[in-house]
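Student: I have just opened this structure and would like to learn how to read it. Could you walk me through some of its features?

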Amino acid sequence: GHTFSTMMAGFASITDWEAETNNFEKAEKLFEDYEEFLRKSIEKGDTDPKYIRPINSYIVLLGRAGRFQTALDVYYSLEKFKPLVADKVTYGGLLDGISQRKESDKKGELSTLEQNAVDAKFFWRRVEKDAEKGQLTIDDVLVQKLLFLLSGGRPADHQFGLEVIRDYCGLAALGEEAPRPQVHIGRMLFNAILNFCNKAKKHRLCLSFYKQLRDKQRASVPTIDDFEPTRFTVNQVLIAQGQVAAVSGSNGEATRAVELVKGFNERAMKKRKEGRDVDALPSLTNETVALALIVCWRCADWDAAREILSMALPMPVEELSEEKNEERKVYLGSRMDYTAFSYLGRTALSTNDIESMRQFLRIASMAKRPFVSVSDPHYRYHRTQYSAAVVKMVGQVREKDGNKEQFAELLQSCKGWLAKHPQQSKSQAPEHEETIFGSAKYVNKLSQAIDFEMATRNQ
């Protein structure tokens with residue numbers, strides 16, 4: 001049995017099977033031989049629970065090779081080898097296999113992601129039944145894999161995911177009592193919960209769960225690891241804050257975003273100086289800066305945006321926003337790309353405050369061409385938004401100051417871009433901006449409906 005386990009685990013470690021046709025045929029033959037070995041062993045009364053390991057490896061292999069239906073057949077074939085039963089690794093392999101299905105595997109009217117969520121629920125019910133029989137223990141890894149699949153589903157699948165979060169992670173929504181957690185919450189599950197809420201568009205719940213989890217950490221609750229938020233964690237919270245601010249217009253979200261980013265940045269800088277945990281806590285990136293500036297834009301909070309900018313720049317922000325320095329040209333670094341500049345400019349414009357606009361225009365005038373990320377699919381959209389905001393602000397500032405020559409070079413550059421690239425269509429906006437294109441009245445009603453649904457569920 002041990003030889004089969006070792007060999008099949010070796011095959012299962014292959015991640016790209018397109019060029020491994022020969023090895024796949026060898027793996028198939030090995031599994032056929034293993035089934036024969038297993039049959040003879042069980043006939044002799046040898047039912048070592050470890051005999052499930054080669055089967056688990058083969059299920060993982062099949063998922064990675066895009067043969068999920070075959071993986072299902074292997075799972076159902078376990079009936080032939082009783083008393084051998086599936087364990088949590090078996091189900092983890094099946095959930096991984098579901099997530100690796102391709103669009104070409106789509107059947108029926110459901111999208112691939114929606115079908116994945118449906119299938120994940122089916123297997124989760126089997127997991128729970130097997131757990132009730134004492135055949136396996138549900139752990140954080142299984143919950144994490146389930147939430148990933150449910151996040152791409154329909155509202156009913158999202159509701160199912162929230163119930164799993166409540167029952168297994170001990171996190172309560174509005175109006176609910178939090179039960180005792182059934183699984184240990186580590187860094188990966190912590191982040192999976194936040195990601196699930198944002199993908200399911202449950203942004204208020206994302207912020208609520210984040211607070212609950214951090215409170216548990218501060219209280220040294222034994223069912224959750226004590227770790228500082230990672231960049232992924234911070235980004236998920238910023239996404240949720242931006243969407244909540246889009247609905248409510250809450251200025252408090254911008255203040256909280258600044259506190260969040262400042263705490264993350266200070267911890268990262270401290271640990272970098274100490275030379276430890278560099279990968280887990282990297283310094284700020286352009287993505288984090290942009291997400292924080294989105295929150296400031298939604299709240300029309302220029303002061304908060306300046307604080308975010310001060311953390312992103314290699315020099316004090318005052319050096320850029322003062323009138324005496326307008327003739328200087330400086331490179332602001334890779335954190336301030338056109339995405340970040342777009343949101344910074346729109347924040348200044350949204351304040352309707354001339355001094356805020358003037359400060360932004362000075363910064364933009366002094367900046368050398370912002371960093372361009374070749375991998376950003378929304379580069380043109382953001383540069384267009386930035387340019388349009390500049391044109392509007394220059395007009396308002398000139399009118400206020402009575403100076404028709406102010407920011408001439410910057411204005412010419414932005415007008416030139418807009419002439420060559422007509423205003424980008426709304427359909428080209430990034431996903432996290434789509435809320436503002438719907439009716440504000442509808443968005444508010446939707447938000448209230450979500451809150452009511454969560455408050456009344458299971459009452």
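Tutor: Gladly! Let us begin with helices: these are DSSP runs of H or I with at least four residues, while strands are runs of E with at least two, and both are numbered from the N terminus. The model is predicted, so local features need pLDDT of at least 70 and side-chain atom pairs count only at pLDDT 80 or more, whereas totals for chains, interfaces and linings use all residues. Residues are numbered from 1 along each chain as its sequence is written, and side-chain values use heavy atoms, leaving out hydrogens and water.

Student: How many helices and strands does the protein chain have?

Tutor: There are 20 helices and 0 strands in the protein chain.

Student: Where is proline 83, and what is the peptide bond leading to it from lysine 82 like?

Tutor: Proline 83 sits in the loop between α4 (68–76) and α5 (88–99). The bond from lysine 82 to proline 83 is cis, its omega being near 10°.

Student: How do I read the packing of α1 and α2?

Tutor: Fit a line to the C-alpha atoms over the stretch in contact, and take the angle between N-to-C directions, from 0 to 180 degrees. Here helix α1 (residues 2–12) and helix α2 (residues 21–43) pack at about 150°, with axes 10 Å apart. Angles under 35 degrees count as roughly parallel, over 145 as roughly antiparallel, 65 to 115 as roughly perpendicular, and the rest as oblique. The pair α1 and α2 is therefore roughly antiparallel.

Student: Which residues of α1 make the contact?

Tutor: Contact means heavy atoms within 4.5 Å. On α1 the residues are Phe4, Met7, Met8 and Phe11, and they meet residues of α2 including Leu30, Phe31 and Phe37.

Student: Is phenylalanine 407 buried or exposed?

Tutor: Buried means under 20% relative accessible area, exposed over 50%, and partly exposed in between, using a 1.4 Å probe and protein chains only. Phenylalanine 407 is buried, at 9% relative accessibility. This residue lies in the loop between α18 (379–401) and α19 (408–420), and has a positive phi of about 55° although it is not a glycine.

Student: And what about asparagine 352: buried or exposed?

Tutor: Asparagine 352 is exposed, with a relative accessible area of 62%. Its loop runs between α16 (338–350) and α17 (354–366), and its phi is positive too, near 60°.

Student: What share of the protein chain's residues is buried?

Tutor: Buried residues make up 51% of the 459 residues.
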